[in-house]
Amino acid sequence: MSSTIGQLSVDGFGVFDDMNGVPGFEGVQGGFFSGLNEFGAMGAFVSIFIGAVFLIVAGVIVYAIISGVRTWSSNNAAALLTLHSTVVAKRTKVTGGSGDSSATTRYYATFELDNGERVELIVGGNHYGMLVENDRGMLTYQGTRFKQFERDVQPQSSVRNGQFHM
């Protein structure tokens, strides 16, 4: 059961058999959702997923840059302080190093100021090696930046002729 309306033929279900002659429908077969077959839907999902991952990665990078600039700026605005303190702790943090990647070591030292406040700062490896827990001296820092630690001069003791001298 089919009928012909003008140049179009309609089957028994009211669907046009051939839309090639209708302007705007050249080559379109199968209706509205024909572009979303199983491969088309998967392609759309993959495109959306890749776009979302890209936005997340870009967001993390932008956040890291903004956070770094904010820390740098606040350290520059902070006063350069030189205070008497004691080295109370040292620690390291190693990241990376699995497989073929190189390892990175960060060195931290905790100083207790004379007022009881504690400050943990990242120090360079050369300074880390020179610091000993319970050392007392003058700590110079700016914000979260370690500048230097100058140890108090201790009188040297010596042993002469089996006798201990100060």
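A helix, as the word is used here, is a DSSP run of type H or I with at least four residues, numbered from the N terminus. The exercises below concern a predicted model.

**Exercise 1.** Determine in which helix V69 lies, and which surface feature includes V69.

*Solution.*
Step 1. Locate the residue: helix α1 spans residues 38-77, and V69 lies in this helix.
Step 2. Turn to the surface. V69 belongs to a nonpolar patch together with M42, F45, V46, F49, I50, V53, V57, I61 and I65.
Step 3. State the extent of the patch: its residues together have about 950 Å² of accessible area.

**Exercise 2.** Show that R118 and E112 satisfy the criterion for a salt bridge, and classify the accessibility of each residue.

*Solution.*
Step 1. Recall the cut-off: a side-chain nitrogen of Lys or Arg must be within 4 Å of a carboxyl oxygen of Asp or Glu.
Step 2. Apply it. The closest N and O atoms of R118 and E112 are 3.0 Å apart, and the two residues form a salt bridge. The structure holds four salt bridges, of which this is one.
Step 3. Classify R118. Exposed means over 50% relative accessible area; R118 has 53% and therefore counts as exposed.
Step 4. Classify E112. Its relative accessible area is 27%, so E112 is partly exposed.

**Exercise 3.** Identify the parts of the chain that the salt bridge between R136 and D114 links.

*Solution.*
Step 1. Establish the contact: the side chains of R136 and D114 meet at 3.6 Å, N to O.
Step 2. Place the partners. R136 is in strand β6 (residues 136-142), whereas D114 is in the loop between β4 (103-113) and β5 (118-123).
Step 3. Conclude that the pair links distant parts of the chain, 22 residues apart.
Step 4. Add the accessibility: R136 is partly exposed at 36%, and D114 is exposed at 52%.

**Exercise 4.** Explain why the salt bridge between R151 and D135 ties together separate parts of the sequence, and state whether D135 is buried or exposed.

*Solution.*
Step 1. Note the distance: the two side chains form a salt bridge at 2.8 Å, N to O.
Step 2. Because R151 lies in strand β7 (residues 145-151) and D135 in the loop between α2 (125-130) and β6, the pair joins parts that are 16 residues apart in sequence.
Step 3. Compare with the cut-off for burial, which is under 20% relative accessible area. D135 has 12% and is therefore buried. R151, at 37%, counts as partly exposed.

Notes
Residues numbered from 1 in each chain as written. Predicted model: local features only at pLDDT ≥ 70, side-chain atom pairs only at ≥ 80, totals over all residues. Heavy atoms only, no water. Patch = residues over 30% accessible without salt bridge, like charges linked within 9 Å, V, L, I, M, F, W, Y side chains within 5 Å. Areas by Shrake-Rupley, 256 points an atom, 1.4 Å probe, with all protein chains shown as cover. Helix = DSSP H or I, 4+ residues; strand = E, 2+ residues; numbered from the N terminus. Buried < 20%, exposed > 50% of the residue type's maximum accessible area, 1.4 Å probe, protein only.
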